[in-house]
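User: I'd like to learn how to read a few features of a protein model. Could you walk me through some of them?

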Amino acid sequence: MNDMRAALYDRYGPPEVLYEGRVPVPVPRPGEVLVRVHATSVNGGELYGRGGRVRLVTGRRFPQRTGMDFTGEIARAEGAVTGLREGDRVWGLLGRRFGSAAEYVAVRPRQLSYAPANLGLIEAASLPAGTTAITALKAEARLQPGERLLVRGASGGIGSVAVQLGKALGAHVTGLAGSGNLDFVRSLGADEAFSYTTTGPADLGAFDVVLDTFGTEHRAFRRLLAPGGRMVSIAFDMDHPARSLSYLLASTVHGPRRVRFFSGNPKHDLFAELARYAESGAIRPVVDTVHPLADIATAHRALEAGGVRGKHVIRVV
């Protein structure tokens, strides 16, 4: 086993630059395990990476890889790694790098946990981004039972988990989504669902917590916060990055209604917590479409088009 299939691109550009190629199988370093990947999902950060919008970080060396999260099984665990055995079903995240859209990944055990026992590894691949929803609502916003929660992007990969988690935490949940996804958002447990094309911030009431997955109109949605309210943003405006980031940074220290911004890099305990929510039935996977690895360009194109319900999953096995 010298090489493996992987999604690659040789230049920045539209989804069509992606192709299935071959690269060497990673060799685990001391303390790492080798995971045979069953599936991954397409995340917004990968669209920015492939499009060259963060090339100051990704650089100019090609071919480049894509994929952040994964589900799979342990293919090799050296003696120095305790608690994991070959064949164990796991899920996790590579961290702040790309490359999980491939047959194998090498990771440290802290970057993964056991996958939910009640889910297949293909459908489970729609959920790892849900760790961001847990961090946003529990650690950052400290959402309490009875509070009013607004989720922007309620039908997407993170938003669909946030709606379910909000209900599990006892909140009154309002979702903003595309007009064609309102019934879907209600089916996730939302008490109310509105179309962002016909309902603006001025048409909404006050909220204790606002979770923003879009990164735009921060000022307008911040005004919706009730006294003591908290807004958590997991994105910034890529069309106006300097202005957007400046506002986010300033709002974390000024004013009575502060905006919390973070970029997720979850570890073992967070994946284990997400697995417990999935096994209890409080959070269920939402798969929009399953694509083979060879069709990863189609998956990227579909996510860019919008209107996604949950996640576009890439089946690797």
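Analyst: Happy to; we will take a sheet, two residues and a pair of helices in turn. Please keep in mind that this is a predicted model.

User: Let's begin with the sheet. In what order do the 3 strands of the open sheet come?

Analyst: The order is S2-S1-S4, and the pairing is antiparallel. Strand S1, residues 3-9, is joined to S2 by 6 bridges. For a place to look, find alanine 6, which has glycine 21 of S2 opposite.

User: Why is one side of S2 and of S4 left without a neighbour in the sheet?

Analyst: Both stand at the edges: S2 (19-24) and S4 (64-65) each have a single partner strand, so one side of each has no neighbour in the sheet.

User: Next, a residue. Is glutamate 46 buried or exposed?

Analyst: Here the cut-off helps: a residue counts as buried under 20% relative accessible area. Glutamate 46 has 2% relative accessibility, so it is buried. You will find glutamate 46 in helix H1, which spans residues 44-51.

User: Which polar partners does the side chain of glutamate 46 have?

Analyst: One is the side chain of threonine 66, in a polar contact of 3.4 Å. Another is the backbone nitrogen of glycine 67, 3.4 Å from a polar atom of the glutamate 46 side chain. Beyond its neighbours within four places in sequence, glutamate 46 also has contacts that include Ser41, Met68, Phe98 and His300.

User: How does arginine 152 read by the same steps?

Analyst: Start with its place, strand S9 (residues 148-152). Its relative accessible area is 6%, so arginine 152 is buried. Its side chain makes a polar contact of 2.9 Å with the side chain of aspartate 212. Setting aside residues up to four places away in sequence, arginine 152 touches residues including Leu176, Leu211, Thr213, Phe214 and Phe221.

User: And how do I describe two packed helices?

Analyst: You give the angle between their axes and the distance between the axes. For helix H4 (residues 130-140) and helix H9 (residues 268-280), the angle is about 95° and the axes are 9 Å apart. That makes H4 roughly perpendicular to H9.

User: Which residues of H4 and H9 meet?

Analyst: From H4 come Gly130, Thr131, Ile134, Thr135 and Lys138, and they meet Leu270, Phe271, Glu273, Leu274 and Tyr277 in H9. By type, the residues of this contact of H4 with H9 are 5 nonpolar, 3 polar and 2 charged.

How values were computed:
Residues numbered from 1 in each chain as written. Predicted model: local features only at pLDDT ≥ 70, side-chain atom pairs only at ≥ 80, totals over all residues. Heavy atoms only, no water. Pairing = 2+ DSSP bridges. Helix = DSSP H or I, 4+ residues; strand = E, 2+ residues; numbered from the N terminus. Buried < 20%, exposed > 50% of the residue type's maximum accessible area, 1.4 Å probe, protein only. Contact = heavy atoms within 4.5 Å. Polar contact = N/O pair within 3.5 Å; in protein donor to acceptor, adjacent residues only side chain to side chain. Axes fitted to C-alpha atoms, helices over the stretch in contact; angles between N-to-C directions. Parallel < 35°, antiparallel > 145°, perpendicular 65-115°, else oblique. Nonpolar A, V, L, I, M, F, W, Y, C, P; charged D, E, K, R; others polar.
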